[in-house]
Amino acid sequence: MEKVAQKLFKVDRLKNSNIKIQYGSNWVTIDNEFIKYVLSREEWIEHTFKHTICTDEVFLPTLLVNSKYKDRLFYAKMAENKSSNEFQGNLRYINWWSGPQYPKVWGTEDYNELAQAKEKGYIFARKFDSSFVRLTAALFYYLFFLYYV
C-alpha cells in the first residue's frame with residue numbers, strides 16, 4: 001500500500017540517496033559512542049523518517065548499517081530460514097518471514113523449531129501464544145519442585 005501511495009503522489013525521499021534501509025529488533029545493547037552518534041543524527045532521522053510509518057525497528061538499524069558502527073555488530077549473520085534482511089544479533093529468534101502474523105506467534109506445535117534455534121545459539125524468542133506460556137510455566141513449576149523442594 002505504501003509503495004502504491006508513493007508512486008501515486010510521486011514521493012521518494014531516498015531517490016537521491018544511497019541509504020540502505022534495514023530493519024531489526026529494537027532490543028539492542030549499544031555503547032556510549034553509538035548513542036552519541038544517534039543523538040548527533042537526530043535531525044537527519046527526523047527529516048528522513050518524518051511522515052513515515054517507521055518505528056525504532058527501522059530507523060535505528062538503518063542508521064547502524066549505514067555507519068562505521070556496522071562492523072561492531074555482535075553477531076552480524078543473517079537470520080536463518082528467511083528472505084528478509086533482519087539481523088538476529090540480539091540472540092532472539094523472531095520469525096518475521098512465515099506469518100500469518102508478523103512476527104509469528106509461537107505455539108506448542110513450534111517446539112522443535114525453537115529447539116533447533118536454541119542449538120544454533122539463540123537464547124531468547126519472541127512472541128508466544130498464551131497456551132505455550134502456561135505450559136512452560138507449569139513445566140518450570142513442576143521441575144522446580146521436583147529438584148529443589
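How many salt bridges does the structure hold? In this predicted model the structure holds one salt bridge, and the sections below set that pairing beside the other charged, aromatic and nonpolar features of the chain.

## Overall architecture

The chain has six helices and two strands, and when read along the sequence these elements follow the pattern α-α-α-α-β-α-β-α. Of the 149 residues in the chain, 27% are buried. Among the contacts with a separation of 6 or more, 58% are accounted for by residues 24 or more positions apart.

The accessible surface of the chain comes to about 11200 Å², and carbon and sulfur atoms contribute 58% of that surface.

## The salt bridge and a buried charged pair

The salt bridge is formed by Asp110 with Lys104, whose closest N and O atoms are 3.0 Å apart. Are these two residues, Asp110 and Lys104, buried or exposed? Both Asp110 and Lys104 are buried.

A second pair of opposite charges calls for more careful reading. Glu57, in helix 4 (residues 56-65), is buried yet has no salt bridge, and its nearest side chain of opposite charge is that of Arg126, 4.0 Å away. Arg126, which lies in strand 2, is likewise described as buried and without a salt bridge, with Glu57 as the nearest side chain of opposite charge at 4.0 Å. The cut-off for a salt bridge is a side-chain nitrogen of Lys or Arg within 4 Å of a carboxyl oxygen of Asp or Glu, and the pair of Glu57 and Arg126 is not counted as one.

## Surroundings of Glu57 and Arg126

Not counting residues up to four places away in sequence, Glu57 touches Gln22, Tyr23, Gly24, Ser25, Asn26, Trp96 and Arg126. One of these, Ser25, is found in the loop between helix 1 (2-8) and helix 2, and Ser25 is buried, with a relative accessible area of 11%. Although Ser25 and Glu57 are 32 residues apart along the chain, their C-alpha atoms are separated by 5.5 Å.

Leaving aside neighbours within four places in sequence, Arg126 is in contact with Trp27, Glu57, Tyr93, Ile94, Trp96, Pro103, Lys104 and Trp106. Trp96 is therefore touched by Glu57 as well as by Arg126, and Lys104, a contact of Arg126, is the residue that forms the salt bridge with Asp110. The peptide bond from Arg126 to Lys127 is cis, with omega near 0°, and Lys127 is found in the loop between strand 2 and helix 6 (130-148).

## Helix 4 and its cover

Where Glu57 sits, much of the helix is covered: seven of the ten residues of helix 4 are buried, so this helix is largely enclosed by the rest of the structure. The buried residues of helix 4 are Glu57, Leu60, Pro61, Thr62, Leu63, Leu64 and Val65. What covers these buried residues includes helix 2 (32-40), helix 3 (42-49) and strand 2 (124-126).

A contact between helix 3 and helix 4 can be followed at the level of single residues. Trp44 lies in helix 3, and, leaving aside its neighbours within four places in sequence, Trp44 is in contact with Ile19, Phe49 and Leu63. Trp44 and Leu63 are 19 residues apart along the chain, and their C-alpha atoms are separated by 9.7 Å.

## Aromatic pairs

The structure holds six aromatic pairs. One of them joins Trp44 and Phe49 in an edge-to-face arrangement, with 5.8 Å centre to centre and 90° between the planes. Trp44 counts as partly exposed at 21% relative accessibility, whereas Phe49 is buried, with a relative accessible area of 13%; the cut-off for buried is under 20%, which is why the two residues of this pair fall on opposite sides of that boundary.

Elsewhere, Phe34, Tyr37 and Tyr69 form one aromatic cluster.

## A nonpolar surface patch

Which residues form a nonpolar patch on the surface? The patch is formed by Val28, Ile30, Ile35 and Leu39, which together have about 330 Å² of accessible area. Ile35 has its place in helix 2 and is partly exposed, with a relative accessible area of 34%. Helix 2 thus appears in two roles, since it contributes Ile35 to the account of the surface patch and is also among the elements that cover the buried residues of helix 4.

Conventions
Residues are numbered from 1 along each chain as its sequence is written. This is a predicted model: local features need pLDDT of at least 70, side-chain atom pairs count only at pLDDT 80 or more; totals for chains, interfaces and linings use all residues. Side-chain values use heavy atoms; hydrogens and water are left out. Rings of Phe, Tyr and Trp (its six-membered ring) pair if their centres lie within 6.5 Å; planes under 30 degrees apart count as stacked, over 60 as edge-to-face and the rest as tilted. Buried means under 20% relative accessible area, exposed over 50%, partly exposed in between (1.4 Å probe, protein chains only). Helices (H or I, at least four residues) and strands (E, at least two) are DSSP runs, numbered from the N terminus. Lys and Arg count as positive and Asp and Glu as negative; His and the chain ends are not counted. Contact means heavy atoms within 4.5 Å. Patches are made of residues with over 30% relative accessible area and no salt bridge: like charges are joined within 9 Å, nonpolar side chains (Val, Leu, Ile, Met, Phe, Trp, Tyr) within 5 Å. Accessible areas come from the Shrake-Rupley method with a 1.4 Å probe; for residues, only the protein chains shown count as cover.
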